[in-house]
Structures are given as C-alpha cells and as structure tokens.
Amino acid sequence: MLASDVSSQRWDQLQPVKNPGTWLLKADKAAIHLALPAPEARRREHFLAADGQQPTNLELEVLRGNNDLLQVNFLDRCLLVRQAVGRLEAHQDNQRILATGFMVAPGLLLTNNHVLPEPGIAETGSVEFNAWYDVAGEAGPTVRFDLNPAAFFVTDQELDYTLVAVQATSRSGRALLAEQGYLRLFPSSGKVGVNECVTIIQHPDGELMQIALRENQVTRAQEDENFIQYETDTAHGSSGAPVFNDSLQVAALHSGGRIKRDAQQAYVLKDGTTRPTLDGLRESDVEWEANAGIRVSAICANLLMQARQRYPAFVAVLEQAMAGGDILGRAIVQVSTSGPDHVSPPSSSLMQAESSRSETSLESTPPQTNTGIAIPLTLRISLEGPQGLRAEPADTGTKSLLSAATGLETEAFKQQIPVIYDDLASRQGYQPDFLTLDGGAVVALPQLTAAGKSVVAPLLEGGGYELRYHKFSVVMHKQRRLALFTAANVDWIQSHREINGHKPTRAELTNIPDMVTEEWVPDARIAAAHQLSDIFYTDDHKAFDKGHLVRRDDVCWGNTFEDMQMANGDTYHITNCSPQIKGFNQAAYGVDNWGDLEAEVAKQTKAEKVILFSGPVLAPDDRWFRGKDSTGEVRVQIPNRFWKIVVAKETTGPKAYGFVLEQDVQAITEKEFKVTPTWKSKLVPIATITGLLRGWVDLSALEAISA
C-alpha cells in the first residue's frame with residue numbers, strides 16, 4: 001500500500017477520554033514491572049490455561065513482569081494459528097482492495113468494516129490462505145475461497161469489524177475451508193494489558209504473510225474503551241489482522257496506525273530519512289509509531305447481539321466457536337490425548353478430526369438446504385438460513401469513534417484504475433517531426449530488423465507492431481512480456497504544462513481519491529499472453545516497483561486539461577511498465593540512479609522539446625523471478641540494465657545521447673544538456689545500445705547523430 005493512501009493525522013489529535021491511560025513510548029523493557037492487582041492477575045492467569053494448556057513458570061514470570069523471554073512453544077503456536085489467517089481481496093467500483101482476514105468460527109471470517117463495509121463489496125471478495133514463504137524462501141501453493149455474504153454478513157462501523165461467510169469449498173474444488181481451522185474469540189476482557197507485547201500476523205501491502213513478532217508494546221488498554229493501542233518500532237500494520245497476546249490468543253482486531261513525524265512534521269522513513277510528503281511511498285517504507293486494534297470482547301458482545309436479531313441459526317455456531325474447538329485448542333487436546341511426540345503443525349487430518357468435547361455438540365442446528373459450510377465438528381449448517389434469511393447491511397450511520405479517539409488511520413490497500421480515455425485506435429503515437437528540425441528533418445522511430453519482427457508482439461487486428469498512445473509509442477517483446485523499446489515526445493515549456501497558470505496534480509489527472517493507489521491495465525490491441533498483468537507487480541512480495549518507461553510527467557503537456565489527462569492515463573497501460581527495484585527506480589530511494597536520470601533530463605530540458613527513447617536490456621542471462629499474473633504462477637526474466645537515448649535539438653542540429661544504467665547516475669546541474677564526468681561513465685555510443693538490442697532494432701539513424 002502506498003503511504004500516501006493513508007489519511008495522516010497528528011499526535012496531538014488524540015482526543016481526551018474518560019480515563020486516559022499512561023503512554024509508555026520507547027519504554028525500557030528492562031524497567032517494566034506490571035504489578036497487577038490481585039483480581040486482574042488471577043484473571044490473566046486464567047487466560048493462560050483457557051484452552052486447557054498448563055501455564056509454565058516462565059509464562060507466569062512474564063505476566064508478572066519478571067522476565068521478557070518466551071517458551072519455544074510460542075513458535076509452534078504461531079505455525080498453528082497462521083493457518084486461519086488469509087489474504088483478503090475485494091473490489092469496489094474500479095478499485096481493488098487488499099487486506100487481511102481470519103477465520104473465527106466454522107465458515108465465518110473476520111476483517112474490518114472499512115475493508116468490507118457492505119455485502120455488495122463482499123460479494124466480489126475472496127480469501128487466500130497459506131500465502132507465505134516456505135523454509136527455502138519460496139512461495140508455496142495457496143488456496144482461495146470466495147466470500148458468501150448472502151449467507152451471513154454482520155458489520156459495525158463504530159467497532160470497525162465485519163464478519164462474513166466463506167464458501168465451504170475452494171475455487172478449484174480441491175480444498176475444504178474446514179482444513180484451515182479458526183481462531184477463538186474470547187468474549188471476556190483482560191487478555192492483554194499496558195506494557196505487554198502483542199504479535200500481529202498479517203498481509204501488509206497485500207504481500208505474503210509477515211509477522212510483527214512481539215515488537216508491539218501495548219501503551220493503552222482501558223477497561224472502559226473498546227480499543228487498545230500499541231507502539232511498534234520495526235513493523236507496520238495491515239487492516240483486518242489478528243492481534244495476539246503471548247499465549248497466541250486473539251486480543252484485538254487490528255484497525256489502524258499512525259505514521260511518525262519529526263518536529264517539522266515531515267514523515268520519518270525506516271531508513272532514518274524524512275520526506276515532506278508521502279507521494280510514492282509504500283506503507284512499509286514509513287515508520288509507524290502507534291497502532292490500534294478493536295477489543296475482541298467488544299466485538300463478541302456486538303456480534304452476538306446482531307446475530308440474535310438477524311441470524312438466530314448462527315448464534316449457537318458463534319457461541320460454540322467462542323467456547324472452543326479452535327485450531328489452537330484442538331492441538332492442545334490432541335497433545336493431551338496423544339502425548340508430546342505427536343506435536344506438529346496442523347494438517348488436514350487434524351482439522352477434520354472430530355472434536356473430543358462432546359458437550360459442545362451442535363446437533364440441533366437446522367439442517368442444510370442448499371449451499372453449506374462444513375464445520376469440523378461433524379456438523380453442517382445452511383448458508384441460506386431459516387425462512388430464506390439473507391444478509392442486510394447493518395446500520396452504519398454512526399461514525400466510527402476509533403479515529404476520533406485515537407487519531408489513527410485505517411490501512412486497507414486499495415487500487416483504482418486511473419482515468420483512461422476510450423478509442424485507443426485513434427491515438428497518433430510518437431511523432432517523428434516533433435523537434436521541428438531545419439529542412440523538415442525528422443527523428444524516425446527505430447526500425448525493427450527481420451530478427452526483431454520475429455520477437456515482438458503483433459497487433460491483433462494487423463497493422464504492424466507499434467502500440468500508439470497519446471504522445472508516445474511502445475513496441476512489446478512477446479516472450480519477455482516487456483517493452484522492447486518506447487518512444488516519447490516531451491515538451492518542457494512551462495506554459496504548455498499549465499492550465500490558467502495551474503499545473504494539474506497527479507490526483508486531478510488520475511481522479512483517484514485518498515487511500516487508493518493506481519491499478520495498471522492491459523492493452524487489448526495485443527494478446528494478453530504478451531503482457532504482464534498488474535497483479536505481477538502487486539503480488540511480487542515488494543520485489544519491484546512499477547517502473548514507468550515513459551514517465552507520466554514526461555507526456556503531461558498540452559493546451560487543455562483533457563489533452564494532458566489523456567496522455568497521463570495512457571502511461572498506466574501495463575505495456576509501459578517494467579519491473580525495477582525501488583533503489584533503482586525512485587530517485588528518493590537511491591543515490592544517482594535511474595530515477596535521478598529521468599529527473600535530471602526533465603530539469604535540464606524544461607524549456608525545450610526533446611525526444612526520449614528507452615527500454616530494458618533483455619539479456620539472455622537475466623535472472624528469473626517467480627511470481628503471479630492473472631492466470632496463476634509465472635516465471636519471468638527480470639532485466640537488470642536499462643537504456644535511454646535523449647535526442648535534443650542543438651545549434652548544429654539534433655544530437656543523441658545514449659545511456660546504459662544498472663544503478664546510479666550523477667545529477668547534472670548545467671542549464672543546457674551536457675554530459676558531466678560522472679555521466680560520461682554511463683554515456684555510450686548509440687552503436688553500443690544497438691548491440692545490446694541483439695539485432696532486433698535498427699538505430700542507424702540515431703547512430704548518425706550520436707554525441
């Protein structure tokens with residue numbers, strides 16, 4: 001998620017509460033001693049044995065503040081509970097929403113209201129389980145289940161939670177939801193207190209599962225408040241994630257966070273630097289100084305109340321789940337009956353085993369009618385409900401009090417397609433006569449050789465290989481699924497970039513609201529198999545940025561707002577994208593890199609027109625990357641070098657400057673385009689770039705004017 005998608009608020013916006021808690025920021029853990037009152041201490045010790053486990057002396061010492069260590073079985077419990085945590089995806093209009101959710105009862109998933117505020121959005125949703133790295137650092141197979149809000153949907157805006165039904169069988173038809181198990185929600189309060197640490201298992205930025213392992217210290221936990229707050233030094237949150245205490249019991253539903261600022265209100269990044277804005281930053285780039293979660297006890301009370309009113313057939317299911325039968329409790333029962341030699345991560349057989357707690361049987365549950373949820377208690381319930389009950393959105397007219405009380409921001413990852421004009425077939429593309437050279441000379445589009453024509457993606461309706469957009473063109477390599485080269489007309493005359501003295505902002509041009517980032521789209525004029533979909537870059541485990549080959553700012557010039565907006569939108573076609581690591585792509589994250597070169601070209605040529613040719617060096621020995629596209633798992637070769645040719649009109653005629661970059665480029669400060677000694681280390685003859693293109697592209701016209 002981009003950090004700019006989070007509506008930031010300042011620390012001093014924390015509103016007074018009835019009994020304000022003590023804030024322990026950057027507390028010295030060695031100096032922490034809980035000194036709990038006797039009744040609270042007894043209640044906390046009760047939770048240590050709530051699932052039938054025997055509290056260890058170390059657990060009791062930690063509870064009393066005398067030790068900060070954990071038993072190694074904490075890791076075993078993490079392996080168990082992660083099974084029930086999934087990566088949630090849904091769509092709203094043309095937005096894509098990514099968050100976290102977790103199973104809390106057979107067939108029922110919990111997440112935030114700000115993620116799934118209404119059944120219509122939930123109908124588009126699905127949850128993916130087992131999305132994590134294995135011991136070898138590889139992403140293993142996952143299973144995806146569709147949401148089913150028609151069967152059950154309860155939400156509350158003030159408590160920022162939504163509970164929704166999930167289909168019993170995966171999309172592939174080969175996996176059962178029951179195999180994932182569920183996490184127990186304890187209706188009583190007191191599972192965690194001030195100064196204690198919590199653990200969050202999450203899918204931040206929609207990535208593979210990550211864990212904030214006890215790096216979140218509780219700073220506020222008032223009995224008369226429905227939320228807790230916890231600081232974090234090294235991890236950031238994800239909407240809808242479970243917040244665990246040290247016994248791996250769910251204490252809260254993660255809801256939001258606050259980004260750290262310095263005295264000048266600049267945003268603090270994880271590398272210690274600061275930025276005045278959040279533009280271009282991911283949620284994982286910034287330093288989060290506080291997080292907030294909704295108490296499970298508050299959710300349970302509200303949930304049971306709504307269920308009794310609207311879903312009476314589900315009340316027994318919810319009460320049973322809150323009493324036990326969860327993935328952790330089952331494992332403890334299994335160990336107690338089978339012995340310690342049988343301790344292992346959960347398996348299908350474990351999840352399908354019949355509960356040994358006969359007193360929690362739900363044989364009186366109404367029989368199934370049509371679609372059903374398989375419950376790992378030899379029980380099946382109807383998703384249609386009695387008398388055809390269907391989900392209706394709860395009254396969410398009351399504005400959430402969490403943000404008012406805490407000043408925190410929600411963190412759901414949302415994407416939206418920018419404004420992209422129709423009728424791509426009418427686009428004119430790159431214009432060779434753009435520089436208005438003497439004698440009517442032009443800078444022609446690079447020509448494909450016979451070998452080049454064999455590797456590029458043809459237009460489906462014929463007419464060659466050039467994908468013409470507004471003010472630029474792209475030619476795609478069909479096997480690599482990346483651009484072979486791009487060509488753009490760039491006008492940096494200030495008056496040509498303003499409308500009535502105002503330069504349109506990125507938000508104005510894309511028409512994308514706060515808390516949403518751009519989703520790139522394919523180009524229907526070439527085969528989908530010749531393009532990498534947006535999901536490749538979204539689900540790439542933060543390996544790459546979506547690198548604009550033709551920068552949107554390069555072509556956002558013209559006489560009208562619509563003219564600029566058309567060019568801006570065209571740059572968000574996936575054909576104009578290439579995977580680049582952040583330190584190489586973004587000027588703010590590297591020193592003298594590709595982003596610096598683009599920024600410096602823009603700076604130097606802001607009062608003149610230039611032509612830019614660029615593309616990746618598609619070498620045969622480029623490393624492979626395993627990721628996903630719209631069809632499933634893919635392996636893609638990732639280029640580690642990129643080339644750019646700048647053609648500028650000079651007094652003696654056009655001159656072409658070619659660059660091949662791997663990492664860094666020194667900034668140029670001269671007013672005219674001039675290559676400094678540092679640039680000269682990257683400056684190459686155009687003929688060198690021709691050689692790198694492996695005989696696919698003829699750059700002889702540019703070689704003739706090589707600087």
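Why is helix H14 (residues 561–570) largely enclosed by the rest of the structure? Seven of its ten residues are buried, so the rest of the structure largely encloses the helix. Buried means under 20% relative accessible area, exposed means over 50%, and partly exposed lies in between, with a 1.4 Å probe and protein chains only. Helices (H or I, at least four residues) and strands (E, at least two) are DSSP runs, numbered from the N terminus.

This is a predicted model: local features need pLDDT of at least 70, side-chain atom pairs count only at pLDDT 80 or more, and totals for chains, interfaces and linings use all residues. Residues are numbered from 1 along each chain as its sequence is written, and side-chain values use heavy atoms, with hydrogens and water left out.

Look at H14 in detail. Its buried residues are Met 564, Gln 565, Met 566, Ala 567, Asn 568, Gly 569 and Asp 570. They pack against strand S22 (472–477), helix H11 (506–510) and helix H13 (552–555). Contact here means heavy atoms within 4.5 Å.

Now take the whole protein. It holds 19 helices and 33 strands. Of its 707 residues, 58% are buried. Among contacts between residues at least 6 apart in sequence, 72% join residues at least 24 apart.

Next, the cores. A nonpolar core is a set of buried Ala, Val, Leu, Ile, Met, Phe, Trp, Tyr and Cys residues joined through side-chain atoms within 4.5 Å. The largest has 68 residues. Phe 102, Leu 110, Leu 116, Phe 152, Leu 183 and Leu 318 touch the most other members. Helix H5 (residues 296–310) gives this core its largest share, seven residues. Another core, of 45 residues, lies apart from it. Tyr 430, Tyr 537, Val 634 and Val 660 are among the residues of that second core.

Leu 183 deserves a closer look. Neighbours within four places in sequence aside, its contacts include Val 81, Phe 102, Pro 242, Phe 244 and Asp 326.

Asp 326 turns up again at a cavity. On a 1 Å grid over the protein atoms alone, a cavity is a set of points where a 1.4 Å probe fits but cannot get out; lining residues have an atom within 4 Å of a point. Grid points are joined across faces, edges and corners, and a volume is the space filled by probe spheres set on the points. The whole structure has six cavities of 30 Å³ or more. The largest holds about 60 Å³ of space. It is lined by 13 residues, and Arg 184, Leu 248, Gln 249, Asp 326 and Leu 328 lie nearest its centre. The lining has nine nonpolar, one polar and three charged residues. Ala, Val, Leu, Ile, Met, Phe, Trp, Tyr, Cys and Pro count as nonpolar, Asp, Glu, Lys and Arg as charged, and the others, Gly among them, as polar.

Move to helix H6 (residues 312–323), where Glu 319 lies. Glu 319 is partly exposed, at 37% relative accessibility. Beyond its neighbours within four places in sequence, Glu 319 contacts Leu 304 and Arg 308. Leu 185 is 134 residues from Glu 319 in sequence, and 9.5 Å away in space, C-alpha to C-alpha.

Two loops complete the tour. Gln 265 lies between strand S12 (250–259) and strand S13 (267–268). Its phi is positive, about 70°, although it is not a glycine. Arg 694 sits in the loop between helix H18 (686–692) and strand S33 (697–698). Its phi is also positive, near 60°.

How values were computed:
On a 1 Å grid over the protein atoms alone, a cavity is a set of points where a 1.4 Å probe fits but cannot get out, and a pocket is an open set with protein on both sides within 12 Å along at least five of seven lines; lining residues have an atom within 4 Å of a point.
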